[in-house]
Structures are given as C-alpha cells and as structure tokens.
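This report covers a ligand shell, several helix packings and one annotated domain. The chain is shown first.

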Amino acid sequence: MTRTIATAPVVEHPRITVIGTGYLGATHAVCMTALGFDVLGVDVDAAKVAALSAGTVPFFEPGLPEKLREALDSGRLRFTTDFDEAARFGDVHFVCVGTPQAPGSNAADLRFVEAAFAELAARIDRRALLVGKSTVPIGTAARIADEVRTLSPAGDDLELAWNPEFLREGFAVEDTLHPDRLVFGVTSDWAEAQLRAAFRPILDRDTPLVVADLATAELVKVAANSFLATKISYINAMAEVCEATGADVTVLATALGYDDRIGARFLKPGLGFGGGCLPKDIRAFTHRAAELGVGQAVAFLEEVDAINIRRRIRTVDLVRELAGGSLAGVRVAALGAAFKPNSDDVRDAPALDVARMLYLEGASVTVYDPEATQNAHRVYPDLDFASSLGQAVASAEVVALLTEWDEFRSADPTTLGELVARRRIVDGRHALDADRYRAAGWEYRALGLPSGARQPQALPGG
Ligand SMILES: NC(=O)c1ccc[n+]([C@@H]2O[C@H](COP(=O)([O-])OP(=O)(O)OC[C@H]3O[C@@H](n4cnc5c(N)ncnc54)[C@H](O)[C@@H]3O)[C@@H](O)[C@H]2O)c1
C-alpha cells in the first residue's frame, strides 16, 4: 500500500477518545490518562459509563480500580455515551469495541466496529485520526478507511490507522503502560507522526515500534494469537500421546522447555485456552483466510481448535473415571469458572464448559470462582454456585480444578479432605502438588499423566 506524505500539522499533545470501554477500552482510557493525556471514554452501555464515572470498574482487573480513581481525580478522564461530544473532543480516537464470533459462523462479527466508526465519522468535521484497536480480519481497516472518508464532513482530513493491542487480562495495566512493542498500521506520514505523539511517553522509553501498512498491522495480532494457541495445543496434543503410551507430559514439557528455541512459556499442558480472544481469533482467521483463497495456509488452526476442545472432553472423562464410570447423581465441585486466573472473564471459558458438560451428564455440579461467579451465573443459571471454596467442596465426591487461581493452588489437601465425601481430584491445570494430595489420601488424576504418576515437575517459566 502506498503512503502519502501529508503536510498537515500534528497535534503534539492530542486529546484522546476511547470508543468502547470494556476490558480493553477501559484499561486503555485509564492508562492514557495516567500517561498525561486528556481522555474521554465513550460507550453505548449507559450502565458501564455510569459505573466508570463513579470510579467503579465493572469487571475484575487487578490494579485497574486504583488507577481509575487516580485518573478521575486528575480531572483529565471522563466517560460519556454522547458521540457528538466525542467527535468535538478528540484529536485521536481509539476504537476498542468488541469483535465477537458471529452467530452460526466462524467469522468475526464486525457490526460493533462498523457502527462505532460510522457514528464517529458522521460527526467529525475537522482533521482527526481514527485508530482501530479491536482485533479484526485482514482487509477490514482498508475498507473502513474508505467508508469513513466518504461518510465524514471532514472528508480526506479524517484518516484511519490500526494499532493492534496485545494486553493480557490479569496484567492489563502493566501491559498497557509497558508494552513489549507497539505496532502502527498507517497509510501516511501524518498518521504515523500523530500516533507517535499519542504514544510519546511510551516511545520515549525506547519501546520497540513496528510501523506497518494496515493489512500487516491487522495480521500481526491474529498471527500472534494463532502462534500462542498453536503452542498450547501442541503440548496438549503431546498429552494425548502420553495418555495412550503411559508417558508423562509434564516431564516432557519440562525437557522441551529447556530448549531455548522452543521455550517453556505457553508449553503448559492442561485444559487449554479460552477467553474472549484466542478461540474466536483463530476461527475468524481461518474464515478470512478461506475468503482470501489461502485457507490451506492456516488449515492447521482447525486442528489447533479441535485439540483444544478435546481437552475439555477428556477432563470430563477423567472426572467420570474417578467417579467410577458414571456421572449420574455424582456431586462434583468445579473449582474455577473464569478462562484464566486473575480475571472474571467467562467468554469461551474451558472451566465453565467442563462444568456444563458434567451437569449435562447428570452430575450435581457446584461451581466456585473467586471473581467470576456472577458472570458464570449469568451464562449458566442452571448450575449451582458456591460463595467459598469450603462451601463448594463440602460433600463433593469428585473435585475438579479447572482454573488455576492461587486460592486453589495454596489450599491445604488435608483440610480440604476433611470437607469432601470422597478424596478424589482431577487437576485440570497441573496446578497442584500431586505428592501432597496423594500423601493426604487423595486419588489424584491429571491430563497427560499416567494414573499413578510421580509428582509433576515444576515447569520453568510457567
Ligand atoms: N480483552 C482483551 O484482553 C483483549 C486484548 C487484545 C485485544 N482485544 C480486542 O479488543 C476488542 C474489545 O475486546 P474487549 O475484551 O474489551 O470487549 P468487551 O466486550 O469487554 O468491550 C467492548 C465494549 O464496546 C462497547 N460497544 C459496543 N458497541 C459500541 C459502539 N457502537 N460504540 C461504543 N461502544 C460500543 C460495549 O458496550 C463494550 O463495553 C476485541 O476486538 C478484542 O478481540 C481484547
């Protein structure tokens, strides 16, 4: 794509809007304020706007509530539902709305992204930069760039850039303030210079910056998520082989991880990946690649997805095996509902999926999660929810650890053993000390381990 050399002046200290204040947008708005900018957060969800304005983060993210209050106290952060105000206020507009999986398809649902850009563009009548941060299929940015120019009274003065986001829930503040790299997808020198001004405090710390065209910027994000998903499914595929051979996947992962060409991170066997990004992003990538005529190039991602889903089914198998062959009427304590610890996000959560499958096979399932119970209850109101670990495991015939919260890792097997009806545990995340559990009289099972395996070895780097 050609780049234009525009001579328009850059706003050195731009006023920033953040459109869509969910996990990504709320964090971005708060962190841009912390970096010294004047920020307006915009959402169509009036309840979310009211909560954020009152200093309450409507989801669980460590460190964000404190940073939100500091940002509000600075007087430089406000939230609104008013797009007119946003159009007047912003020099740089970051669009952070959701791109979920479309109903009945693997494609991304781009309705929210399209609506957000259209709402803004129709109201902006001066030079400004629209910046997409949502994860979108390749080609979306170029199409939207044309659409907004046509729609906006500002015409060619309204430019579009893409700035994919790599933050991890649970570490969102740190990742936003100290990213390992920034990626700018731009079509003009002006857009690059304006984005550099918006990220000046981060770039001044010598944070690596990759400047790319729009398509490459879009691709960086889905390629990164595809790689991470593949690495997780790779070790989980090896777990399947271990299960068939009596080999031990934790020892295998340890040995592989010491090879620094491979690395130990994301090589942890278990129940696999979930959440609001990895599953829908690899599916949308597969779908988009097929549309582009290169479906074969990423066909392996369908297998990555299938391996991941099989881990959930295998976890249910282990619980059933421990229960003696049938789940009907068996009391199961499901520990964890969030897709990972330190998050209350239950979108495509493996833990909740396993709990649901156990329930559908007739088990009496009690779910406990330190932070995600409310969200989980909203998704699966039929499941029973406990308000403490002790309450969840009381009288359980099998305990299934499904999300590796510290509270579960550090629980004492002897104390837990006094509460349950039968000391039987499936460690879906290789998070527990198997020897300690066995010494306390527990029957301990984990994915990819022979049933009487030695204690799993610690995995370097997690
Ligand atoms: N959550 C993450 O860790 C993460 C990390 C990197 C990238 N992303 C990407 O960021 C995007 C947002 O993800 P999220 O997890 O924050 O989603 P989310 O569902 O938590 O937040 C999306 C927000 O957008 C709002 N919204 C919807 N339509 C709108 C509109 N027209 N105008 C204004 N607001 C609107 C919703 O009300 C909601 O508050 C997705 O594309 C996701 O793939 C997320």
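The sections below take these topics in turn, for a model that is predicted.

## Ligand shell

The shell around the ligand holds 26 residues, and those that come nearest are Gly20, Gly22, Leu24, Ser134 and Thr135. Two elements give two or more residues to this shell: helix 1 (23-34) and helix 5 (111-121).

By class, the residues around the ligand divide into 12 nonpolar, nine polar and five charged.

## Helix 10 against helix 12

Helix 10 spans residues 214-245. Helix 12 covers residues 278-291, and the two pack with axes 9 Å apart at an angle of about 115°. An angle of 65 to 115 degrees counts as roughly perpendicular, so helix 10 is roughly perpendicular to helix 12. The crossing of this pair is left-handed.

On the helix 10 side, the contact consists of Val222, Asn225, Ser226, Leu228 and Ala229, which meet Leu278, Asp281, Ile282 and Phe285 of helix 12. The class count for this contact of helix 10 with helix 12 is six nonpolar, two polar and one charged.

## Helix 10 against helix 13

Helix 10 also packs on helix 13, where the axes come within 9 Å and cross at roughly 50°. The two helices are therefore oblique to each other. Helix 10 passes helix 13 in a left-handed crossing.

Helix 10 contributes Ser226, Ala229, Thr230, Ser233, Asn236 and Ala237 to this contact, and helix 13 contributes Leu301, Val304, Ile307, Asn308 and Arg311. These residues comprise five nonpolar, five polar and one charged. Ser226 and Ala229 of helix 10 thus take part in the contact with helix 13 and in the contact with helix 12.

## Helix 13 against helix 14

Helix 13 (residues 300-322) has a further partner in helix 14 (residues 350-360); their axes come within 9 Å and cross at roughly 50°. That angle makes helix 13 oblique to helix 14. The crossing here is right-handed, whereas that of helix 10 and helix 13 is left-handed.

In this contact Arg312, Thr315, Val316 and Val319 of helix 13 meet Pro350, Asp353, Val354, Met357 and Leu358 of helix 14. By class there are six nonpolar residues, one polar and two charged.

## Annotated C-terminal domain

The UniProt record, an unreviewed entry, places the feature "domain: UDP-glucose/GDP-mannose dehydrogenase C-terminal" at residues 333-434. In the model this span is 34% helix and 18% strand, and its end C-alpha atoms lie 18 Å apart.

Helix 14, at residues 350-360, falls inside the annotated span of 333-434. Helix 13, at residues 300-322, lies before that span in the numbering. The contact of helix 13 with helix 14 therefore joins a helix outside the annotated range to one within it.

Terms used: Residues are numbered from 1 along each chain as its sequence is written. This is a predicted model: local features need pLDDT of at least 70, side-chain atom pairs count only at pLDDT 80 or more; totals for chains, interfaces and linings use all residues. A residue is near a molecule or strand if its C-beta atom, placed from the backbone, lies within 6 Å of it. Helices (H or I, at least four residues) and strands (E, at least two) are DSSP runs, numbered from the N terminus. Ala, Val, Leu, Ile, Met, Phe, Trp, Tyr, Cys and Pro count as nonpolar, Asp, Glu, Lys and Arg as charged, and the others, Gly among them, as polar. Axes are lines fitted to C-alpha atoms, for helices over the stretch in contact, and angles run from 0 to 180 degrees between N-to-C directions. Angles under 35 degrees count as roughly parallel, over 145 as roughly antiparallel, 65 to 115 as roughly perpendicular and the rest as oblique. A crossing is left-handed if the near helix is turned anticlockwise from the far one by less than a right angle, and right-handed if clockwise. Two residues are in contact if their C-beta atoms, placed from the backbone, lie within 7 Å. UniProt positions are given in the numbering used here, feature names are shortened, and annotations may be inferred rather than shown by experiment.
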